[in-house]
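Please look over the model shown here. The report below takes up its fold, its interior and its surface.

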Amino acid sequence: VDSDLNSLLLTIPIWNVRKRSMAHAPPPLHPEQVALLKGVLDAWTEFEELASMLDIYHYPLVLQIEQEQEAQGEQGGHTPHVREIVTIAFRSFCVGGSLLLNAFTVAVFTLIGQVAAPKRHRPSNATQLFDLIQRLFEMTEALADAGDDALGGTRGTATQFRELWVRPLERARHLDPLRIGDDDWDGDC
């Protein structure tokens, strides 16, 4: 994570070590950032549809993978199913290993900052932004749940997803944008 991203992350209450110290407005969430987040969610939906389609057409392969896994038992390596391969590919190459990584991360944390901001700095569309956080959490959790491919170059991407996106989004999704007051956010959900 580069230094520009680190400095942005330090402005967001989740990483703010001084409680209730967010006296300034969070960085603005630009329409382009919202469009990027929605675009990634749309792409994920299409990847899920692709995985469902591949599951149907590759059922004999799935059966062979399951037979292989049963034969290897605990001693053999994990052979991922088609759905896991698609999920790992999306996580590793569409977001995690792409040029979108920093832009996506900045957009996610700016979104969190907007929803977690004190009432006087919170945007009027906080409820819609909160819904976007919910959807992003569901996507990143699904992406992190697919184990890393021990044989490929994707080692560590599940951990990266958990640290960078799943845990902060999980904290942020427990905020209620309609009820949270200036004294409710302590930097630690």
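The sections that follow go from the whole chain to single residues.

## Overall make-up

This is a predicted model. The protein has seven helices and zero strands. Read from the N terminus, the order of elements is α-α-α-α-α-α-α.

The chain counts 189 residues, and 39% of them are buried. About 10500 Å² of the protein is exposed. Carbon and sulfur atoms supply 53% of that area. Contacts reach across the sequence: among those between residues at least 6 apart, 75% join residues at least 24 apart.

## Helix α4: Val86 and Thr87

Helix α4 covers residues 82–96 and includes Thr87. Val86 is found in helix α4 too. Val86 has a relative accessible area of 9%. The cut-off for buried is under 20%, so Val86 counts as buried. Thr87 is also buried, at 8% relative accessible area.

What does each one touch, once residues up to four places away in sequence are set aside? For Val86, the partners are Phe47, Ala51 and Leu54. For Thr87, they are Trp44, Ala142, Leu143 and Ala146. A distance can be added for Val86. Its C-alpha lies 8.0 Å from that of Leu50, with the two positions 36 residues apart in sequence numbering.

## Helix α5: Gln114

Gln114 sits in helix α5, which spans residues 100–116. Is Gln114 buried or exposed? Its relative accessible area is 8%. Buried means under 20%, so Gln114 falls in the buried class.

Neighbours within four places in sequence are left aside in the contact list of Gln114. Pro26, Pro27, Pro28 and Leu29 are in contact with Gln114. Arg122, Pro123 and Leu129 are in contact with Gln114 as well.

## Helix α2: Ala35, Asp42 and Tyr57

Helix α2 runs over residues 31–57 and holds Asp42. Ala35 has its place in helix α2, and Tyr57 is found there as well.

How accessible are these three? Ala35 is partly exposed, with a relative accessible area of 47%. Asp42 is partly exposed at 45%. Tyr57 reaches 63% relative accessibility. Exposed means over 50%, so Tyr57 counts as exposed.

Ala35 also has a partner far along the chain. Ala35 and Ala107 are 72 residues apart in sequence. In space, their C-alpha atoms are 9.6 Å apart.

## Surface patches

Which residues form the negative surface patch? They are Asp42, Glu46, Glu48 and Glu49. Asp42, the partly exposed residue at 45%, thus returns here as a patch member.

A nonpolar surface patch is made by Leu50, Met53, Ile56 and Tyr57. Its area is about 450 Å². Tyr57, exposed at 63%, is one of its members. Leu50 is another, and Leu50 is also the residue whose C-alpha is 8.0 Å from that of buried Val86.

Note on methods
Residues are numbered from 1 along each chain as its sequence is written. This is a predicted model: local features need pLDDT of at least 70, side-chain atom pairs count only at pLDDT 80 or more; totals for chains, interfaces and linings use all residues. Side-chain values use heavy atoms; hydrogens and water are left out. Helices (H or I, at least four residues) and strands (E, at least two) are DSSP runs, numbered from the N terminus. Buried means under 20% relative accessible area, exposed over 50%, partly exposed in between (1.4 Å probe, protein chains only). Contact means heavy atoms within 4.5 Å. Patches are made of residues with over 30% relative accessible area and no salt bridge: like charges are joined within 9 Å, nonpolar side chains (Val, Leu, Ile, Met, Phe, Trp, Tyr) within 5 Å. Accessible areas come from the Shrake-Rupley method with a 1.4 Å probe; for residues, only the protein chains shown count as cover. A salt bridge is a side-chain nitrogen of Lys or Arg within 4 Å of a carboxyl oxygen of Asp or Glu. Lys and Arg count as positive and Asp and Glu as negative; His and the chain ends are not counted. The place of a charge is taken as NZ of Lys, CZ of Arg, CG of Asp or CD of Glu.
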